[in-house]
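Student: I am new to this structure and would like to be walked through it. Could we take it one question at a time?

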Amino acid sequence: MTSEYLAMQSLVQRLGNDHRWHLGDMGWSYHSITGAAEGRRIKVWEDGGEVVAFAWLDLPGHVDLLVDPARPEYAAEALAWSDTEAREGKRTATALETETHLIAAFEAAGYRETDAPFFTHHHHDLAHIDEPVLPQGFRVRHVERDEVEARAGVHRGSWSDLAPSRVTAESYAAVMNAWPYAPEFDWVVETDGGEMVASSLGWFDEVNRTGLLEPVGCVPAYRRMGLSRACNLAVLKAFRDAGAVEARVCPRGDDGYPIPGKLYRAIGFVPGARTRTYARP
Ligand SMILES: CC(C)(COP(=O)(O)OP(=O)(O)OC[C@H]1O[C@@H](n2cnc3c(N)ncnc32)[C@H](O)[C@@H]1OP(=O)(O)O)[C@@H](O)C(=O)NCCC(=O)NCCS
């Protein structure tokens, strides 16, 4: 784990639950594709020994920011930095709609809102969790650290409908080594024969007492049997046992990819704030 990663995570955790990121989005996005670092640029700003902002630029020109709302001036600085690093062409930037200091900075820098696909944060109060129920012939359990090959395999099998997944055993091992990954929150459904067929990776932020599901999947031949429902519910129970009071998941909210949102709402998640994407020609 790099010091850059840990610095970003310190800000994600310090700013609590009302922003775009969770420790788990960062853990997954930063580590799950081997070599992805070559296609991005990251800068972290500190003041008085504390991280106050970061910018994550995916080349050629998409930027995601996290800026302490108490230090909104860093949003303009981060956008200006992204201009120096981005390649020629259009710039885009995304924020959660409640991050009004970021949206104000986008607009001041000439960005305008687009109708790009968006993600809707969904929340689950862990005071009540439905009981996980599986069809006969399946069981749900968390993985062990030495199962990286099979664990990466069920992810790839679930996420290759549109294009082959870039997650490999090597990249999944990097995820498993990334703070705060813990196998106790990484669950799978397996058949009687021991084949993993559905999975749900949970990430627990013990300071903010919030768990995140990222990512979730079921291989095509076993879909619509209630396996993902049961797997997710098992992770929610693990979060609660560890002291979490709320769980979050962030599926697409637009009509272009509606099924995950239906799954999460079917198990008790409630939609909240959405992301908004801005562009500058
Ligand atoms: C989304 C996904 C994980 C669902 O897995 P699954 O094991 O088939 O889901 P379940 O059988 O547990 O479904 C539970 C509920 O979710 C909803 N649901 C799931 N698939 C659905 C579909 N194709 N159409 C409509 N509703 C659906 C239903 O409410 C369903 O309950 P029901 O079958 O009693 O109506 C699976 O389609 C998948 O792996 N997709 C590709 C990866 C992905 O997009 N992951 C989520 C990203 S956030």
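What follows is a conversation about a predicted model.

Student: Let's begin with the ligand. How many residues surround the ligand?

Tutor: Happy to start there. A residue belongs to this group if one of its heavy atoms lies within 4 Å of the ligand. The closest are Cys218, Arg224, Gly226, Ser228 and Tyr257. The full count of surrounding residues is 19.

Student: How do those residues divide into nonpolar, polar and charged?

Tutor: Four residues of the shell are polar and four are charged. The nonpolar residues of the shell number 11.

Student: Which element gives the largest share of the shell around the ligand?

Tutor: The elements that give two or more residues are strand 10 (210–218), helix 7 (227–242) and helix 8 (259–266). The largest share is six residues. The element that provides this share is helix 8.

Student: Now for the polar atoms. What is the distance from an oxygen atom of the ligand to a polar backbone atom of Arg224?

Tutor: Let's go through the contacts in turn. A polar side-chain atom of Arg223 lies 3.5 Å from an oxygen atom of the ligand. For Cys218, a backbone N or O atom is 2.8 Å from a ligand oxygen. For the polar backbone atom of Arg224, the distance to a ligand oxygen is 2.7 Å.

Student: What percentage of the ligand's exposed area does the protein bury?

Tutor: Picture the ligand taken alone, when it exposes 920 Å². The part of that area buried by the protein is 79%.

Student: Back to Arg224. Is this residue buried or exposed?

Tutor: Arg224 lies in the loop between strand 10 and helix 7. Its phi is positive, about 65°, although it is not a glycine. A residue counts as exposed over 50% relative accessible area. Arg224 has a relative accessible area of 86%, so it is exposed.

Student: And Cys218, is that buried or exposed?

Tutor: Here the cut-off to remember is that buried means under 20% relative accessible area. The value for Cys218 is 7%, so Cys218 is buried.

Student: Why is there no bond between the sulfurs of Cys231 and Cys218?

Tutor: A disulfide needs two cysteine sulfur atoms within 2.5 Å. A search of the whole structure finds zero disulfides. Cys231 is buried, with a relative accessible area of 1%. Its sulfur has that of Cys218 as the closest cysteine sulfur, and they cannot bond because the distance is too far, at 9.0 Å.

Student: Let's turn to the strands. How many residues of strand 9 are buried?

Tutor: Strand 9 covers residues 196–205. It is largely enclosed by the rest of the structure, because the buried residues are 10 of the 10.

Student: How many bridges join strand 9 to strand 10?

Tutor: Let's look at strand 8 (residues 186–191) before that: five bridges join it to strand 9, and the two run antiparallel. In that pairing, Val188 stands opposite Ser199. Strand 9 and strand 10 also run antiparallel, with Phe204 and Gly211 as bridge partners. The number of bridges between strand 9 and strand 10 is seven.

Student: Which residue in the turn between strand 9 and strand 10 has a positive phi?

Tutor: These strands form a hairpin with four residues between them. Most residues other than glycine have a negative phi. The turn holds a residue other than glycine with phi near 55°, and this residue is partly exposed, with 42% relative accessibility. The residue is Arg209.

Student: Which residue takes a positive phi in the hairpin of strand 8 and strand 9?

Tutor: That hairpin has four residues between the strands. The phi in question is near 90°, and the residue that takes it is Gly194.

Student: Where is Pro180 found?

Tutor: Most peptide bonds are trans. The bond from Trp179 to Pro180 is cis, with omega near 5°. Another cis bond joins Leu59 and Pro60, with omega about 10°. As for Pro180, its place is the loop between helix 6 (169–176) and strand 8.

Student: One last question: how many residues of helix 2 are buried?

Tutor: Helix 2 spans residues 23–31 and is mostly covered. Among its buried residues are Leu23, Met26, Trp28 and Tyr30. Of the nine residues in helix 2, the number buried is eight.

Note on methods
Residues are numbered from 1 along each chain as its sequence is written. This is a predicted model: local features need pLDDT of at least 70, side-chain atom pairs count only at pLDDT 80 or more; totals for chains, interfaces and linings use all residues. Side-chain values use heavy atoms; hydrogens and water are left out. A polar contact is a pair of N or O atoms within 3.5 Å; within protein, one must be able to donate a hydrogen and the other to accept it, and residues adjacent in sequence count only if both atoms are side-chain atoms. Accessible areas come from the Shrake-Rupley method with a 1.4 Å probe; for residues, only the protein chains shown count as cover. Ala, Val, Leu, Ile, Met, Phe, Trp, Tyr, Cys and Pro count as nonpolar, Asp, Glu, Lys and Arg as charged, and the others, Gly among them, as polar. Buried means under 20% relative accessible area, exposed over 50%, partly exposed in between (1.4 Å probe, protein chains only). Two strands pair if DSSP finds at least two bridges between them.
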